[in-house]
Amino acid sequence: MKNIRNFCIIAHIDHGKSTLADRLLEFTSTVAKRDMQAQLLDNMDLERERGITIKSHAIQMQYPYKGEIYTLNLIDTPGHVDFSYEVSRSIAACEGALLIVDASQGIEAQTISNLYLAIGADLEIIPVLNKIDLPHAMPEEVTDEIVDLIGCDAGDILHASGKTGIGIEAILNAICERIPAPKGDPEAPLQALIFDSVFNSYRGIEVLFRIKNGTMRKGDKVKFMATGKEYGADEIGILGLNQEPRTEMSAGNVGYLISGIKEAREVKVGDTITHVSRPTPEAIQGFADVKPMVFAGIYPVETTEYEELRSSMEKLQLNDASLVWEPETSVALGFGFRCGFLGMLHMEIVQERLEREFNMTVITTVPSVQFHAIGTKDQMLTINAPSEMPEPNLIKLIEEPFIKAQIITASEYVGPIITLCMDKRGIIKGQSYLTSERVEMTFELPLSEIVFDFFDKLKTISRGYASLDYELIGFREADMVKLDVMLNGEKVDALSAIVHRSKSYEWGKRLCEKLRELLPRQMFDIAIQASIGQKIIARETVKALRKNVIAKCYGGDISRKRKLLEKQKEGKKRMRSVGSVEIPQEAFLAVLKID
Ligand code: GTP
């Protein structure tokens, strides 16, 4: 155990974690040169296409140092704020962290938030100044920023380039030297923390764990403490480039367990594995509950696929512990699920994973934050969907979630950013200079104003030179109203939204205009109306198509006609009929495009 080192790599998005991980794998010959491909650990298609890490990935390396072989368990983590729950879980499996900072960018918002997560878990931090090969790298300035931030010596900061391979050996040596070996007693009763899991339709659910105490042997009878279920440890092993079976693993190690579990709900990330015959009296402290930031309904496009969608969501949840959901019914859409996401990127990724990994076609409805309604008898109601909002005469007041936002930017953008935040009903709380050029600002803002398109706006006004991180700080009274949408006189509950009264008229008007653009023309006029209570506040019409598109082909080539029909069918993906009106996915997300 004295030669085991468990560490993760944390950084702001795009500062080069995955590339640096590639170099470590290469240098330790964990991956042969010919098998090497860029961002090797980002093995999900979606990650490769988007160039971002969504999941944490664990891999074991062997490294000879001062005449001994060290076992290094590396966990690569995502950088985007929506996936910070992944980071916090990975941290729980480690004793140290490489904190990567891009030498051309300096410290950014998630550098700070991820660092605090790591410090909170008592990890040894090794700061790494990365991308020093870049001609516009500013090693001195960024070194000063890092020294200020973590209070280390400039000499503690390693210089590296994941691109050229500079500094890789020094990083590996520092991992062996500075990160403490795991503590724990291999003879004690078994205590292993489940930090992730993957659904595998052939082998059953794969559980990833970190052993805190004790020893697990192949064939042992084990128990998951939260569920009380018992299994045989059919296969255990370490996570190399592929899974490598072992007969025995003990305290300090990271690995996988397969025991033929088929039911997704039997595995809970954060649970403790112990022995049936000699159980530990104490479960390891699990993970803090996830706090979803955005809620939206997910509905199958084909109503008959509801059960299949449920089982797909259960399987996806295994691999995405930050996804929460419960059944929901919509008058317009029928049976579906109300889901909580950590942000809009997370929501998009969930929808895409359901489609790619489970072959489902789904519609996500208008996203919303959670509100509190305080009733006339002071009872509190949580509102995760506009349809749950009580009539105004039944409540005293509404509260909306507030966040503390941290924005780091260049000093020239301070003015425009303050204007943007004020426009979003924000309050500035603080401002401090990291260097003469770079400023850190703190705001308090309503979550509903920033969760949808704030970051895009921030990037536009700062030409990309701003980073954002935020956390919930509580609920505050707000004058919110429910805005309903009717199509041809029929209320479509899945299009309702809760908005601030001061913005509601403008909002209703723009929403109707947007829907007019997005709803496909049909054989009849479609009246779009927005209302607050009984009062109609905006109206638009989608004009009927003049001619039947098929009529055009009349007498024409039959295959052309079929092609046209097929094309129409294709276009029907992610589309739901409500009454006689067809609503495409984009229409449900129209609210995101309203300023
Ligand atoms: P996320 O996982 O999405 O947070 O990103 P990441 O931190 O893993 O960054 P990634 O390794 O994907 O690198 C981001 C970009 O920076 C890629 O285009 C890399 O090619 C580039 N890059 C990474 N390291 C270096 C480096 O040392 N030098 C230079 N010049 N470019 C680098």
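**Exercise 1. Which residues form one aromatic cluster?**

Before we start: this is a predicted model, in which local features need pLDDT of at least 70, side-chain atom pairs count only at pLDDT 80 or more, and totals for chains, interfaces and linings use all residues. Residues are numbered from 1 along each chain as its sequence is written, and side-chain values use heavy atoms, leaving out hydrogens and water.

*Step 1.* Recall the rule: rings of Phe, Tyr and Trp (its six-membered ring) pair if their centres lie within 6.5 Å; planes under 30 degrees apart are stacked, over 60 edge-to-face, and the rest tilted.

*Step 2.* The structure holds five aromatic pairs. In one of them, Tyr-306 and Phe-335 have ring centres 5.7 Å apart and planes at 50 degrees, so this pair is tilted. Tyr-306 belongs to helix 7 and Phe-335 to strand 19, so parts 29 residues apart in sequence are tied together. Helices (H or I, at least four residues) and strands (E, at least two) are DSSP runs, numbered from the N terminus.

*Step 3.* Now check burial (buried is under 20% relative accessible area, exposed over 50%, partly exposed in between, with a 1.4 Å probe and protein chains only). Tyr-306 is buried at 14%, whereas Phe-335 is exposed at 56%.

*Step 4.* For Trp-325 and Phe-337, the centres are 5.2 Å apart and the planes at 85 degrees, so the pair is edge-to-face. Trp-325 is buried at 18%, and Phe-337 is buried at 0%.

*Result.* The cluster consists of Tyr-306, Trp-325, Phe-335 and Phe-337.

**Exercise 2. Find the order of the four strands in the open sheet.**

*Step 1.* Strands pair if DSSP finds at least two bridges between them. Strand 17 (residues 294–300) and strand 19 (residues 334–341) run antiparallel and are joined by five bridges; Val-294 stands opposite Phe-341 in strand 19.

*Step 2.* The order is 18-19-17-20, with antiparallel pairing. Strand 18 (324–330) and strand 20 (362–364) are the edge strands, each pairing on one side only.

**Exercise 3. How do helix 7 and helix 8 lie to each other?**

*Step 1.* The axes of helix 7 (residues 306–319) and helix 8 come within 10 Å and cross at roughly 110 degrees. Axes are lines fitted to C-alpha atoms, for helices over the stretch in contact (heavy atoms within 4.5 Å); angles run from 0 to 180 degrees between N-to-C directions.

*Step 2.* Angles of 65 to 115 degrees count as roughly perpendicular, under 35 as roughly parallel, over 145 as roughly antiparallel and the rest as oblique. The two helices, helix 7 and helix 8, are therefore roughly perpendicular.
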